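Here's a quick walk through how the pieces of this fold sit against one another. Have the viewer open as you read.

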Amino acid sequence: MTVMKQVYPISIEGGMSRTGSYILMLEEPESGRRIPIVIGEHEANGILIAKGMVPTMRPTTHRLAVSIMEQYGISVTGASIDRMADGIFYATIHTTDGFNNKDIDSRTTDAVTITLLCGAPITVADSVLEECGTPAAPSAPVAETVTVESLERELRRCEEAEDYERAAEIQQRIEKMKNGV
């Protein structure tokens, strides 16, 4: 059985080459290992939109795909980056209709974007982490990008600590991000 580790998209860095490539950085918090994935400008924009960092006036293609699935009673339960071969990451989007689970082959960037829109977890095969993961640079802490997911984690911590005033503030921020405000 393949061991999977949950990862979080922590940053998108741009302008890394003359071709306009970007780097999507995923991090596995337990070990601090990071996986850099080279992506294009359109893919970077899609992920930033899904993270709530770029508002849109109309639904994007990814939001449309999620809406169609929702209309047919299909939920995204997560995505996994299962392997890497010849410099290409291979991903799967996991779905359910409540009775049947289906796995959909996907480009990694589409899997990440759709999963972010759905608030579902992203996992990476431990073998991929071993092969492609790099340790976090200890001398340069990465500024955490504020995402709905990071705010929801903070919200749970506040609720557990019974800090309801702070929890209410965080809930308002989450709603604003989800509504593109």
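## Where α2 meets α3

In this predicted model, helix α2 (residues 61-71) and helix α3 bring their axes within 10 Å of each other, crossing at roughly 60°. That angle falls outside the roughly parallel, antiparallel and perpendicular ranges, so α2 and α3 count as oblique to each other. As for handedness, α2 passes α3 in a right-handed crossing.

Which residues make the contact between α2 and α3? On the α2 side they are His-62, Arg-63, Ala-65, Val-66 and Met-69, and on the α3 side Asp-110, Thr-113, Ile-114, Leu-117 and Cys-118. Sorted by type, the residues of this α2 and α3 contact come out as six nonpolar, two polar and two charged.

## α3 and its other neighbour

Helix α1 packs against α3 too, at an angle of about 15° and with the axes 8 Å apart. That makes α1 roughly parallel to α3, because angles under 35 degrees are put in that class. The crossing of α1 and α3 is left-handed, whereas the one between α2 and α3 is right-handed. From α1, the contact takes in Glu-43, Gly-46, Ile-47 and Ala-50, and from α3 it takes in Thr-109, Val-112, Thr-113, Leu-116 and Leu-117. By type, the residues of the α1 and α3 contact divide into five nonpolar, three polar and one charged.

Thr-113 and Leu-117 are worth a click, since they turn up in the contact with α1 and again in the contact with α2. For picturing the faces of a helix, remember that an α-helix has 3.6 residues a turn, so residues three or four places apart point the same way.

## How covered is α3?

Mostly: nine of the eleven residues of α3 (residues 108-118) are buried. The buried set is Thr-108, Thr-109, Ala-111, Val-112, Thr-113, Ile-114, Thr-115, Leu-116 and Leu-117. Just past the end of α3, Gly-119 has a positive phi of about 70°.

## The sheet

Now for the strands. Seven of them form an open sheet in the order β3-β2-β1-β7-β4-β5-β6, and the pairing is mixed. At the edges are β3 (33-39) and β6 (101-106), each with a partner on one side only. From one strand to the next, the twist averages 35°. When you colour side chains by face, keep in mind that in a regular strand they alternate between the two faces of the sheet.

The parallel sense shows up where β4 (residues 75-85) pairs with β7 (residues 122-125) over three bridges. There, Ile-81 stands opposite Val-124 in β7. The β1 and β2 pair runs antiparallel, joined by five bridges, and Pro-9 has Leu-26 in β2 as its bridge partner. Strands β2 and β3 are antiparallel as well, with seven bridges between them; here Glu-28 is partnered by Arg-33 in β3. The β2 and β3 hairpin has four residues between its strands, and Gly-32 takes a positive phi near 80° there.

Is β2 enclosed or open? Six of its seven residues are buried, so β2 is largely enclosed by the rest of the structure. Helix α1 (residues 41-50) lies across β1 (4-13), β2 (22-28) and β3, running at about 125° to β3.

## Two residues to look at

Glu-13 sits in strand β1. Its relative accessibility is 33%, so Glu-13 counts as partly exposed. Leaving aside residues up to four places away in sequence, Glu-13 touches Tyr-22, Ile-23 and Met-25. Glu-13 is also 8.9 Å from Ala-44, C-alpha to C-alpha, although the two are 31 residues apart in sequence.

Asp-86 is in the loop between β4 and β5 (88-96). At 81% relative accessibility, Asp-86 counts as exposed. What about its backbone? The phi of Asp-86 is near 55°, a positive value in a residue other than glycine.

Methods: Residues numbered from 1 in each chain as written. Heavy atoms only, no water. Pairing = 2+ DSSP bridges. Helix = DSSP H or I, 4+ residues; strand = E, 2+ residues; numbered from the N terminus. Axes fitted to C-alpha atoms, helices over the stretch in contact; angles between N-to-C directions. Contact = heavy atoms within 4.5 Å. Buried < 20%, exposed > 50% of the residue type's maximum accessible area, 1.4 Å probe, protein only. Parallel < 35°, antiparallel > 145°, perpendicular 65-115°, else oblique. Left-handed = near helix turned anticlockwise from the far one by under 90°. Nonpolar A, V, L, I, M, F, W, Y, C, P; charged D, E, K, R; others polar.
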